[in-house]
Amino acid sequence: MSNLPLSGTRLWEALMEMARIGATPKGGCNRQALTALDGEGRALLARWGEQVGLRLTTDRLGNMALLRPGHDPSRRPVAIGSHLDTQPTGGKFDGVLGVLAGLELMRALHEAGTETEAPIVLINWTNEEGARFSPPMMGSGAAMGAFTEAEVLDIRDPEGTRFGDALAAIGWRGEADPADLRDLEAYFELHIEQGPILEREGLDVGIVTHALAQQWFDVIVTGEESHAGGAMSHRRDALVAAAILVQGIEAIAHECGGDARGTVGRIAIEPSSRNVVPSRATFSVDFRNGDEAALDRMAEALRERARAVAAERGVEVEVTPFWSFPQTGFDPALAQRLRDAAIARNLRFRDMPTGIGHDAVYVARQVPSVMIFTPCLGGISHNEAESITPAQAEAGMLVLADAVLATAGFAKG
Ligand SMILES: [Zn+2]
């Protein structure tokens, strides 16, 4: 536990000041990536960084790295990162908490005149949300080699604006190579949970040990259209068959147990007419699990249920893999450092996975990484009503700061 003047009040004030940029009438934030407001948020962070002597480097994808040099020139930086961009009807804390908690550590180090052994770098990743430019986690994904730089620069928003042009237009296209951000000793990310578990269990922080593996599918059910006035016998109703499968998907996740998740988020039917028995239903399946073998079993269970429903209802069911994401383990030694920090501060915590993608999940492909969760009101996020308390923000910040300092080390003499 450090004796640095870490301040929950100063952190909260910074959160509230950043929230004014893109503030929405319902108390949320609309500061989407590569808009003028994103530019303003970045400029504010840069100004705050400058006030405490941080050296800013911006790369060609707009990822911002604010460096505080260390005592030992041979050590690579210990990083703290997250994102300042929001959803169109986003909240004040998703991403922003992680960045500004890192800033609070930099401010406390500066105020105390304390030198660390390893440098510490604060990163604001470009376009984590993927709201205007899809997919999400673009800046961290490209830096870690999940996408190429050229691919990202060419992505267009729904209006047809190129990512690279939008980045240049707000003045945040830098010169540095995004891949330079792989050269880190460790990476820490503090984030709101975006789920209800910590709040329900009355805990202060969550130690995130791994990210769930994901498998997404497209399912197409083909039956036969007929008049709604026709007899109930001999129907081949694609929607009823799909409905049985949708319930089956929920059942698969429940039966699998543990941290299994199964969701149908999108469904379309044809011809979608009030008095016609549907001939075709198309839906998405999103399966997640912390255990890849169990995830494979969920996929197999889906195929089995699809075959059974097809036979029973006289329809055809096609299950096609759409996308997958491997299980990502966070670094056990860094996770232990977080637990030690929580214990020393007398905070209540538990280990948990993240079912949601975060920049840390890409960073973990190249750098030992870990995440900390703080509770959020009702588990709500991507919503203007997203809310945390100053005490929750402070607890997360203290655990983050202590674990980062334990990793970077204090310079002697
Ligand atoms: Zn986020």
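1. Let me start with a cation and a ring. In this predicted model, the charged end of R107 sits over the ring of W48, at 5.0 Å from the ring centre. If you are setting up a force field for this protein, that is the pair I would look at on screen before reading on: R107 supplies the charge and W48 the ring.

2. On to rings paired with rings. Searching the whole structure turns up 9 aromatic pairs. One of them joins W12 and F93: the ring centres are 5.5 Å apart and the planes meet at 25°, which is under the 30 degrees limit, so the pair counts as stacked. W12 belongs to helix 1 (residues 8-19), while F93 is in the loop between strand 3 (78-82) and helix 3 (96-112), so this pair ties together parts that lie 81 residues apart in sequence.

3. How buried or exposed are the two partners, W12 and F93? W12 has 19% relative accessibility and counts as buried, because the limit for that class is under 20%. F93 counts as buried too, with a relative accessibility of 2%.

4. Another pair worth a look is W216 with W323, which is tilted: the distance is 4.6 Å centre to centre, with 50° between the planes. Which elements does this pair connect? W216 is part of strand 7 (residues 213-222) and W323 is part of strand 13 (residues 316-325), so parts 107 residues apart in sequence are tied together here. W216 is partly exposed, at 27% relative accessibility, and W323 is partly exposed as well, at 34%.

5. W216 and W323 also have company. Ring pairs link both of them with F147, F322, F325 and Y362 into a cluster. When you inspect the tilted pair W216 and W323, I would therefore display the whole cluster of F147, W216, F322, W323, F325 and Y362.

6. Now the metal site. Which residues donate to the zinc ion? The protein donors are H83 through NE2, D94 through OD and H191 through NE2, and they lie 1.9 to 2.2 Å from the ion. Their spacing along the sequence reads H-x10-D-x96-H. H83 and H191 link distant parts of the chain, 108 residues apart: H83 is in the loop between strand 3 and helix 3, and H191 is in strand 5 (residues 186-192).

7. Both histidines at the zinc ion are out of reach of the probe or nearly so by the numbers: H83 is buried, with a relative accessible area of 0%, and H191 is buried, with 1%. Note also that the loop between strand 3 (78-82) and helix 3 (96-112) holds F93 of the stacked pair as well as the donor H83.

8. Some backbone details deserve a check in any preparation script. S134 and P135 are joined by a cis peptide bond, with omega about 5°; P135 lies in the loop between strand 4 (120-124) and helix 4 (138-143). The peptide bond from E270 to P271 is cis too, with omega near -5°, and P271 sits in the loop between strand 10 (267-270) and strand 11 (276-277).

9. Where do positive phi values turn up outside glycine? N346 has phi near 60°, in the loop between helix 10 (332-344) and strand 15 (349-354); this residue is exposed, with a relative accessible area of 71%. H382 has phi near 50° and is found in the loop between strand 16 (369-374) and helix 12 (390-408). H382 is partly exposed, at 40%.

10. Finally, the overall picture. The protein has 12 helices and 16 strands. Its radius of gyration is 24 Å, close to the 22 Å from the globule rule for 413 residues, so the protein is as compact as a globular protein of that length. Along the principal axes, the C-alpha atoms fill a box of roughly 85 × 45 × 40 Å.

11. Burial, contacts and surface round this off. Of the 413 residues, 54% are buried. Among contacts between residues at least 6 apart in sequence, 80% join residues at least 24 apart. The accessible surface of the protein is about 17,300 Å², and carbon and sulfur atoms account for 50% of that area.

Notes. Residues are numbered from 1 along each chain as its sequence is written. This is a predicted model: local features need pLDDT of at least 70, side-chain atom pairs count only at pLDDT 80 or more; totals for chains, interfaces and linings use all residues. Side-chain values use heavy atoms; hydrogens and water are left out. Rings of Phe, Tyr and Trp (its six-membered ring) pair if their centres lie within 6.5 Å; planes under 30 degrees apart count as stacked, over 60 as edge-to-face and the rest as tilted. Helices (H or I, at least four residues) and strands (E, at least two) are DSSP runs, numbered from the N terminus. Buried means under 20% relative accessible area, exposed over 50%, partly exposed in between (1.4 Å probe, protein chains only). A charge sits over a ring if NZ of Lys or CZ of Arg is within 6 Å of the ring centre and within 35 degrees of the ring normal. The radius of gyration is taken over C-alpha atoms; the globule rule is 2.2 Å times the number of residues to the power 0.38. Contact means heavy atoms within 4.5 Å. Accessible areas come from the Shrake-Rupley method with a 1.4 Å probe; for residues, only the protein chains shown count as cover. Donors are N, O and S atoms within 2.8 Å of the metal (3.2 Å for Na, K and Ca); water is not among the atoms, so sites may look incomplete.
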